[in-house]
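Student: I'm new to this one. Can we go through it together, with me asking how you know each thing?
Tutor: Sure, let's put it on the screen.

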Amino acid sequence: MPELLQIEEPRSAAQPKMPAPQWRAFLELGFRPLYIAGCLWAAVSVALWVFAPKWLVGRLGGVLWHAHEMLWAFVATIAVGFLLTAAANWTGRNPMQGRALGGLCLLWVIARAGFLAAGDTAFVLAVVCELLFFGVAAVALGRVIYMARSRRNYGLPLLMLGLGVTDALYLCTIWQGRDYAALMQYLYSGLLCMAVIALLVARRVIPFFAMRAVAGLQIPMHTASGQWQLGAGVLAVACLLLGWTSGLVAALTLAGMLTLWQVLAWKPWAVRQVPLLWILYLGHAALGAGLLVAAAQAGGWVLRLAWPVHVIAVAGFAVLIIGMVTRTALGHLGRPLRTDCAMVTMYGLVLAAAMLRLLALWPTSLALAAQHASALVWVLAFALYLWRFAPLLIRPRLQQASQPVVQVAARAARPGKPV
């Protein structure tokens, strides 16, 4: 088993001295800069959208900016960081590091600044940099996966390209004049494409983590149901783009029901005392519920598109993300796999932000207050993550301070093996 993903806590009672920050360590694996970038932007973008909307003066402004930045600049950025790191374990080859990884991050930064700035030139520059970000990341991921013949992961570079394509369609529609119906279709397509990636990754890693953290726990990996789930998700994206409503409803319903069934089969009661696990269980369950809400909306039973978007994105993606960026960071950095007060507080804040954001969707006098409260606790959650983890992410792995992490993975990884 790769040392990167070792569940057992270090046996030594003595705490090694924390190494000094290093650029080499910071740009060693994709999760290091992209977890920091994604979580920082999660806090900053929501603060701007809710508390300082007048600063959003770019062509991509208002709610369209908010929707775009949440999906493609926060959620997708964390996914890219995770996949670029996980590919080193799957294949024994690091997809991107050093100057190449730094260049990828620079593209991301220019895109964020360009979408905030006024004027068409800034918008075009931001679009080019953002699409290059997804394209370069997909090529880097695909190169190592296909070279290693990691067949079970062949679809991941294509899904990442799908994220970039839906982003391009969304941005091109804005450039051509803001056809709201088309914008929502492309946003929804990108959301479902991201949901397929999240379901694929979570279905692999959650039982893997759980069986190694809870003594005697045996739960299924759901390989067969995962294939049906993946197929249903891809079909849902296709049906949405083609305008086939009945197919969309059926595909979303199947994917959502399979997701909830997976969570129940993973014996959630057995992980109730392990925060690193129950937060992932809750995120996976919320994602399944969000797909069912999306099916209801597509079928005309839920009128507002905001409901499936926020259940999937805030209750599903965000809860999974706060669990993954803590659990995987601890594992890759050689830290004990246990939570502290700060981490449990992060989990509680993100869960509170999700519940308050959904409460804000109800047409009551409390809607605006709930939205502001949700934004506040959301910002606090990700600020707390940065305070707790950024100092670790810029330093070498604790137990391998003098050795690049990918060398540890390369010795032990077997092509095709999941995270």
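Student: What makes you split the lining of the largest pocket into classes, and how many residues fall in each?
Tutor: The lining of the largest pocket divides into 25 nonpolar, 4 polar and 2 charged residues. The classes go by residue type: Ala, Val, Leu, Ile, Met, Phe, Trp, Tyr, Cys and Pro count as nonpolar, Asp, Glu, Lys and Arg as charged, and the others, Gly among them, as polar. One caution: this is a predicted model, where local features need pLDDT of at least 70, side-chain atom pairs count only at pLDDT 80 or more, and totals for chains, interfaces and linings use all residues. Residues are numbered from 1 along each chain as its sequence is written, and side-chain values use heavy atoms, with hydrogens and water left out.

Student: Which residues are closest to the centre of that pocket, and what is its volume?
Tutor: The largest pocket holds about 710 Å³ of space. Of its 31 lining residues, His66, Ala67, Val309, His310 and Arg357 are the closest to the centre. Helix α3 gives the largest share of the lining, 7 residues.

Student: What makes something a cavity rather than a pocket?
Tutor: On a 1 Å grid over the protein atoms alone, a cavity is a set of points where a 1.4 Å probe fits but cannot get out, while a pocket is an open set with protein on both sides within 12 Å along at least five of seven lines; lining residues have an atom within 4 Å of a point. The search of the whole structure turns up 4 cavities of 30 Å³ or more. The largest cavity has a volume of about 210 Å³, and among its 15 lining residues Met194, Ala198, Val201, Ile321 and Met324 are the closest to the centre. At least two lining residues come from each of α3, α7 and α11.

Student: How many residues of the largest cavity's lining are nonpolar, polar or charged?
Tutor: That lining has 15 nonpolar, no polar and no charged residues.

Student: Why are α9 and α10 called roughly antiparallel?
Tutor: Helix α9 (residues 245-265) and helix α10 (residues 275-298) pack at about 160°, with axes 8 Å apart. Angles under 35 degrees count as roughly parallel, over 145 as roughly antiparallel, 65 to 115 as roughly perpendicular and the rest as oblique. So α9 and α10 are roughly antiparallel. Their crossing is left-handed, a word used if the near helix is turned anticlockwise from the far one by less than a right angle (right-handed if clockwise).

Student: What are the classes of the residues where α9 meets α10?
Tutor: The contact of α9 with α10 has 15 nonpolar, 7 polar and no charged residues.

Student: Why are α4 and α5 roughly antiparallel to each other?
Tutor: Helix α4 (residues 98-116) and helix α5 (residues 120-147) pack at about 150°, with their axes 8 Å apart. That makes α4 and α5 roughly antiparallel, therefore. The crossing of α4 and α5 is left-handed too. Among the residues that meet are Leu104 and Trp108 in α4, and Phe123 and Phe133 in α5; contact means heavy atoms within 4.5 Å.

Student: And how do you know which way α11 and α12 run relative to each other?
Tutor: The axes of α11 and α12 cross at roughly 175° and come within 9 Å, so the two helices are roughly antiparallel. His310 of α11 and Arg357 of α12 are among the residues making that contact. By class, the contact of α11 with α12 has 16 nonpolar, 3 polar and 1 charged residues.

Methods
Axes are lines fitted to C-alpha atoms, for helices over the stretch in contact, and angles run from 0 to 180 degrees between N-to-C directions. Helices (H or I, at least four residues) and strands (E, at least two) are DSSP runs, numbered from the N terminus. Grid points are joined across faces, edges and corners, and a volume is the space filled by probe spheres set on the points.
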